Amino acid sequence: MSERIFGGVLVLISLVGLFIARGFEAPFSYEPVGPKAFPMIVLALLGLFALALVFGKTEKTAWAPGPVMQRIGLLFLVVLGYALLFDRLGFVIATALVTLPVARLFGASWKQALASGVGLGIGLFYFFDRLLDVALPTGLWLNAITG
Amino acid sequence: METLTLLAQGFAVAATPENLMIALIGCFLGTVVGLLPGLGPINGVAILLPIAFAMKLPPESALILLCAVYAGCEYGGRISAILLNVPGDAGAVMTTLDGYPLAKKGLAGPALSMSAVASFTGAMVATLGIVAFAPLLAEWAIAFGPAEYFVLMVLALSCLGGLVGDSLPKAMIACLIGLLLSTVGIDSNSGVYRFTFDMLHLADGIPFIVIVIGLFAVSEILLMLQGLHANPEPIALSGRMMFNLKEFMLAKWTMLRSAVAGFFIGVLPGAGATIASAMCYASERRMAGKDHQFGEGDMRGVAAPEAANNASANGSLVPMLTLGVPGSGTTAVMMGALTLYNITPGPTLFQDQPVIVWGLIASLFIANVMLLVMNIPLIRVFVKFLSIPVWLLVPGVAAISMVGVYAVHGNTFDLIVGVLVGALGYALRVMNFPIAPFILGFVLGDMMEQNLRRALSISDGEIGVLFSSPIAIGLWVAAIAMLVGPRVARMLDSRRVVAQA
């Protein structure tokens, strides 16, 4: 069933995409194939194979059982939060904050989670920023204090 | 002779102290990533690529690092296969069949050292194969025009689509989503904004690294939570560590045969290490006749898949280097790495960038010697990594992935897109969509479109140019055969099984 729903979503995407791609007009052009041909071919094929998915033989999708799915959703939100806060809080704090729930989700005790959060935050910052010269955000809050 | 001179130049590049150090680090990291269950070569290369880029390594050093990681992963996968009965990467699935029974018999040491030698044999044979065949193929491919190139990429995509996964629509959908995402951004020929939805950050297109990290790091983390179960205790290493002469004599031809076969399977686009190791294991088992212990702990049962696995991993570098058309997910990521450095892989690579190509080939030789040395005496060090708790590993992978994406443009937008792509990748993988065609489509999308437009510009819009030359026709036929052939063969096969029953 999930496959058919996903196929349906893809059919929609391909139709909307085709509609958008129709409007790709080059203001002036000196080649026979403009900017819209390739995306339109791809979208049309995508629509066709998505239809095949909707009406063809499908297999049952083995989604994780409910409670596990909730934890996966939670993990996704935590990682998304990580992405949002990465710049704002700075690497050290964001990593420490995110490691705590992630480590807990993967079965660490509170003590282990706390220790790995602090350890990863500081350790990786030192490793990348200082040792490997990969610039990492220190966080907007720090800039506000130090001016 | 010319090849030898070029190879010598390659060694001069690969043997600078800095590059030797990079290869050593890459080998070590690769083996560790390879032995961790869940993380395979593609994750290792995907996670390390942005870091290498952020460290501003010169292109040849970055490639040496990635190739060393790639080679190392192929060695690492066998360690968890033998000691845990859990393949560290997909290519090591067959190694569990005899590796784990051997370990249970108390022969873990000999099984590990034998498989290390087999890996080394496979990798060396394949690297020699690259030296012998790649320049020839590159020379031949220079005759390709834009039309042939376009069809060649269609062939590469349909090879992967035909061989990976069971469902044709799913493989094609994965590949088409990749192609579609590659069109996002300003069209370089006309300046038209495509699918940017007025978002400034999308004007340059979705960065390759964002897609790679999303698909292979973020989605992997989500999958790891789904597959979370108590890790079995690894079997302790005890007794003798080295295989003896008798075991070696038993397996030596197995290794060589599997290495040669693995190389040629690897060169074919689409057929990767998994197929090579499965085929070689099956044929060695058949050739062994009655006198064997395959399945219950036969040395040949670890030698065959490991030799084939490593040989095909190296063999799959051939189409990437010579044609600019990667044949597997991992080589697609590596090709993306080249394009980050504004190097276009393809037949002209051997002429334009001899330093990079031959430096890379030479570093494969060096990396494999390093790996052999690391993997026999230092095996106990690597075994220690098997006990890294997953609750430390996952946040670490998440943090390193974010660092990699952030290093590209330093904005939050890319990070968010990466996480969203990760969720898409997770859903696709749970629904059994193959992911390799996705990344291949994304990497090849731009080149495909450019070559299609160039071909049609030359012919002034006449579509027949795509079917005019004999090479193009041959490639079309091959593409259709690869797309349909494996499925028809499988169908006939299953029908025969039914008939026999």
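**Stop 1: the lining of the largest cavity**

By class, the residues lining the largest cavity are nine nonpolar, two polar and one charged. To see them in this predicted model, select A:Val79 together with B:Ile213, B:Val218, B:Ile221, B:Ala398, B:Ser401, B:Met402, B:Val405, B:Asp414, B:Leu415, B:Gly418 and B:Val419. Now colour H9, H18 and helix H19 (412-430) of chain B, the elements that give two or more residues to this lining. The space enclosed in the largest cavity is about 80 Å³. How many cavities of 30 Å³ or more does the structure hold? There are four of them.

**Stop 2: the second largest pocket**

Next, move to the second largest pocket, with a volume of about 1200 Å³. Its lining is made by 41 residues, and those closest to the pocket centre are B:Thr339, B:Phe442, B:Val443, B:Asp446 and B:Met447. Select these five and centre your view on them.

Which element gives the largest share of this lining? That is H20(B), with eight residues. Show helix H20 (436-458) of chain B, then add other elements that supply at least two residues each, including helix H7 (146-163), helix H8 (168-182), strand E1 (185-186) and helix H14 (329-340). Helix H9 (208-226) and helix H18 (390-409) of chain B belong on that list as well, and you have already met H9 and H18 at the largest cavity. If you colour the pocket lining by class, you will find 20 nonpolar, 15 polar and six charged residues.

**Stop 3: the largest nonpolar core**

Stay with chain B and select B:Leu83 and B:Ile439. In the largest nonpolar core, which has 215 residues, these two touch the most other members. Helix H4 (residues 59-84) of chain B is the top contributor to this core, giving 16 residues. Chain A takes part too: at least three core residues come from each of its domain 1 (2-55) and domain 2 (66-146).

Zoom in on B:Ile439. What does B:Ile439 contact beyond its neighbours within four places in sequence? Look for B:Phe208, B:Ile211, B:Val212, B:Leu215 and B:Phe216, and then for B:Gly329, B:Ala332 and B:Val333.

**Stop 4: chain A and A:Val42**

Turn to chain A and give its domains two colours: domain 1 covers 2-55 and domain 2 covers 66-146. Their C-alpha centres lie 39 Å apart.

Now select A:Val42, which sits in helix H2 (residues 37-55) of chain A. Is A:Val42 buried or exposed? It is buried, because its relative accessible area is 2%, below the 20% cut-off for that word. Show the side chains around it: setting aside neighbours within four places in sequence, A:Val42 is in contact with B:Leu176, B:Leu179 and B:Leu180. For one more view, draw a line between the C-alpha atoms of A:Val42 and A:Leu18; they are 9.4 Å apart in space and 24 residues apart in sequence.

**Stop 5: B:Gly315**

Finish in chain B at helix H12 (residues 299-315), where B:Gly315 is found. With a relative accessible area of 0%, B:Gly315 is buried. Which residues does B:Gly315 touch, not counting those up to four places away in sequence? Select B:Ala126, B:Phe263, B:Gly266 and B:Val267 to see them. Then join the C-alpha atoms of B:Gly315 and B:Phe263: the two residues are 52 apart in sequence, yet 4.8 Å apart in space.

Key
Residues are numbered from 1 along each chain as its sequence is written. Chains are lettered from A and ligands numbered from 1 in the order in which they are written. This is a predicted model: local features need pLDDT of at least 70, side-chain atom pairs count only at pLDDT 80 or more; totals for chains, interfaces and linings use all residues. Side-chain values use heavy atoms; hydrogens and water are left out. A nonpolar core is a set of buried Ala, Val, Leu, Ile, Met, Phe, Trp, Tyr and Cys residues joined through side-chain atoms within 4.5 Å. Buried means under 20% relative accessible area, exposed over 50%, partly exposed in between (1.4 Å probe, protein chains only). Helices (H or I, at least four residues) and strands (E, at least two) are DSSP runs, numbered from the N terminus. Domain bounds come from an automatic or database domain assignment. Contact means heavy atoms within 4.5 Å. On a 1 Å grid over the protein atoms alone, a cavity is a set of points where a 1.4 Å probe fits but cannot get out, and a pocket is an open set with protein on both sides within 12 Å along at least five of seven lines; lining residues have an atom within 4 Å of a point. Grid points are joined across faces, edges and corners, and a volume is the space filled by probe spheres set on the points. Ala, Val, Leu, Ile, Met, Phe, Trp, Tyr, Cys and Pro count as nonpolar, Asp, Glu, Lys and Arg as charged, and the others, Gly among them, as polar.
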